[in-house]
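Reader: Got a minute to go through this one with me? I'd like to start with the strands and then look at the pocket.

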Amino acid sequence: MTKFTDVTIDKAANVYFEGKVTSRKITFTDGSFKTLGIMQAGDYNFGTNEAELMEITAGECEILLAGETQWQTIVGGQSFNVGANSSFDIKAKTIIDYCCTYISE
């Protein structure tokens, strides 16, 4: 899906890592939500409460999921899943454009 319709967008951004990662929450009419964001090149660690689908819409990164030992390369057009109450490390090689979908289990 390249466009979202009938959504509410939070005006204020979520800002992480001294402004190097930002996102905005979009809420759908059914109450589900996603975040759309930009990540500057760098190394980051994120924790999760809910399961997440991370879609990398542009850029290149490497990810290491909690409990894994092998880094995976992810490029624009690819995605990865992160379990609830987990974490992942990400090495953004370029500026990353991403969409995060939160999955209620």
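Author: Sure. One term up front: strands here are DSSP runs of E with at least two residues, numbered from the N terminus. Also, keep in mind that this is a predicted model.

Reader: Fine. Which strand is S23 in?

Author: S23 sits in strand β3.

Reader: And is S23 buried or exposed?

Author: Buried. The cut-off for that is under 20% relative accessible area, and S23 counts as buried because its relative accessibility is 4%.

Reader: What is S23 in contact with, skipping neighbours within four places in sequence?

Author: With those left aside, S23 contacts A13, N14, Y16, T35, L36, G37 and Y98.

Reader: Ok, switching to the pocket. What's the volume of the largest one?

Author: The largest pocket comes to about 300 Å³. It has 17 lining residues, and the ones closest to its centre are Y16, F46, G47, E52 and Y102.

Reader: Which elements give two or more residues to that lining?

Author: Those are β3 (21-28), β4 (33-39), β5 (42-47), β6 (51-58) and β11 (96-103).

Reader: How does the lining split by class?

Author: There are 10 nonpolar residues in the lining of the largest pocket, along with five polar and two charged ones.

Reader: You listed β6 and β11 there. How many bridges do they pair over?

Author: Seven, and β6 and β11 pair in the antiparallel sense. One place to look is M54, whose bridge partner in β11 is C100.

Reader: What joins β6 to β9?

Author: Five bridges, with β6 and β9 (residues 78-82) running antiparallel. For E55, the bridge partner in β9 is S79.

Reader: Now β5. What's the strand order in its open sheet?

Author: Four strands make up that open sheet, in the order β5-β10-β7-β8, with antiparallel pairing. β5 and β8 (72-75) are at the edges with a single partner strand each, so each has one side without a neighbour in the sheet.

Reader: And what does the twist average?

Author: From one strand to the next, the twist averages 25 degrees.

Reader: Last one: how many bridges join β5 to β10?

Author: Six, and β5 runs antiparallel to β10 (residues 87-92). G47 has S87 as its bridge partner in β10, and G47 is also among the residues closest to the centre of the largest pocket.

Conventions. Residues are numbered from 1 along each chain as its sequence is written. This is a predicted model: local features need pLDDT of at least 70, side-chain atom pairs count only at pLDDT 80 or more; totals for chains, interfaces and linings use all residues. Side-chain values use heavy atoms; hydrogens and water are left out. On a 1 Å grid over the protein atoms alone, a cavity is a set of points where a 1.4 Å probe fits but cannot get out, and a pocket is an open set with protein on both sides within 12 Å along at least five of seven lines; lining residues have an atom within 4 Å of a point. Grid points are joined across faces, edges and corners, and a volume is the space filled by probe spheres set on the points. Ala, Val, Leu, Ile, Met, Phe, Trp, Tyr, Cys and Pro count as nonpolar, Asp, Glu, Lys and Arg as charged, and the others, Gly among them, as polar. Two strands pair if DSSP finds at least two bridges between them. Buried means under 20% relative accessible area, exposed over 50%, partly exposed in between (1.4 Å probe, protein chains only). Contact means heavy atoms within 4.5 Å. Axes are lines fitted to C-alpha atoms, for helices over the stretch in contact, and angles run from 0 to 180 degrees between N-to-C directions.
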